[in-house]
Amino acid sequence: MAGVSELESALQMEPAAFQALYSAEKPKLEDENLVFFCQMGKRGFQATQLARGLGYTGARNYAGAYREWLEKEG
């Protein structure tokens, strides 16, 4: 998916343009499980706040970040 620097414009794209660029369906505003993460947690938090500001009410940050996931799941 997009990096934080691309996220705002990506979430404002038309669904077809999003699909063409990212080969994935564009999230819907009402999606309950729109989870952002990064390596350490800061960019995931920023992405979550940005998405919420655009109306994605189900946007959440995986606060443990990739490192925690890797320790638990990897």
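In which helix does Thr48 lie? Thr48 is part of helix H3, and this residue makes a handy way into the structure, which is a predicted model. With a relative accessibility of just 2%, Thr48 counts as buried, because anything under 20% falls into that class. Setting aside residues up to four places away in sequence, Thr48 touches Phe36, Ala59, Arg60 and Asn61.

Next comes the stretch leading into that helix. Between strand E1, which covers residues 34-36, and helix H3, which covers 42-53, there is a loop, and Cys38 is found there. According to UniProt, in an unreviewed entry, the annotation "active site" covers Cys38. Is this cysteine buried or exposed? Cys38 comes out at 9% relative accessibility, so it counts as buried. Its contacts, again without residues up to four places away in sequence, are Arg43, Gly44, Ala65 and Tyr66.

On the other side of E1, the loop that connects helix H2 (15-22) to this strand holds Lys26. Here is a charged residue that is buried yet has no salt bridge. How far away is the nearest side chain of opposite charge? That side chain belongs to Glu14, and it sits 6.6 Å from Lys26. A salt bridge needs the nitrogen and the carboxyl oxygen within 4 Å, so Glu14 at 6.6 Å does not qualify as a partner for Lys26. What the side chain of Lys26 does reach is backbone: the oxygen of Met13 at 2.5 Å, and the oxygen of Leu11 at 3.1 Å. Leaving aside neighbours within four places in sequence, the residues in contact with Lys26 are Ala10, Leu11, Gln12, Met13, Pro15, Phe18 and Tyr56.

One of those contacts, Phe18, turns up again in the next feature. How many aromatic pairs does the structure hold? There is 1, and it joins Phe18 to Tyr22 in a tilted arrangement, with 4.9 Å from centre to centre and 50° between the planes. Both Phe18 and Tyr22 are in helix H2, and because they are 4 residues apart, about one helical turn separates them. Phe18 is buried, and Tyr22 is buried too.

That leaves the charged pairs. Side chains of opposite charge can pair when their charged atoms come close. Across the whole structure, a search turns up 2 salt bridges. One of them links Glu25 to Lys28, with the closest N and O atoms 2.3 Å apart. How open are the two partners? Glu25 counts as exposed because its relative accessibility is 57%, while Lys28, at 36%, counts as partly exposed. The other bridge runs between Glu68 and Lys72, where the closest N and O atoms are 3.9 Å apart. Where do these two residues lie? Both are in helix H4, which spans residues 65-73, and they sit 4 residues apart, about one turn of the helix. In this bridge Glu68 is partly exposed, since its relative accessible area is 27%, and Lys72 is exposed, with 61%.

To pull the threads together, Cys38, the residue covered by the "active site" annotation in UniProt, is buried at 9%. Thr48 in H3 is buried at 2%. Lys26 is buried without a salt bridge, whereas Glu25 and Glu68 each form one with a lysine.

Conventions
Residues are numbered from 1 along each chain as its sequence is written. This is a predicted model: local features need pLDDT of at least 70, side-chain atom pairs count only at pLDDT 80 or more; totals for chains, interfaces and linings use all residues. Side-chain values use heavy atoms; hydrogens and water are left out. UniProt positions are given in the numbering used here, feature names are shortened, and annotations may be inferred rather than shown by experiment. Buried means under 20% relative accessible area, exposed over 50%, partly exposed in between (1.4 Å probe, protein chains only). Contact means heavy atoms within 4.5 Å. Lys and Arg count as positive and Asp and Glu as negative; His and the chain ends are not counted. A polar contact is a pair of N or O atoms within 3.5 Å; within protein, one must be able to donate a hydrogen and the other to accept it, and residues adjacent in sequence count only if both atoms are side-chain atoms. Rings of Phe, Tyr and Trp (its six-membered ring) pair if their centres lie within 6.5 Å; planes under 30 degrees apart count as stacked, over 60 as edge-to-face and the rest as tilted.
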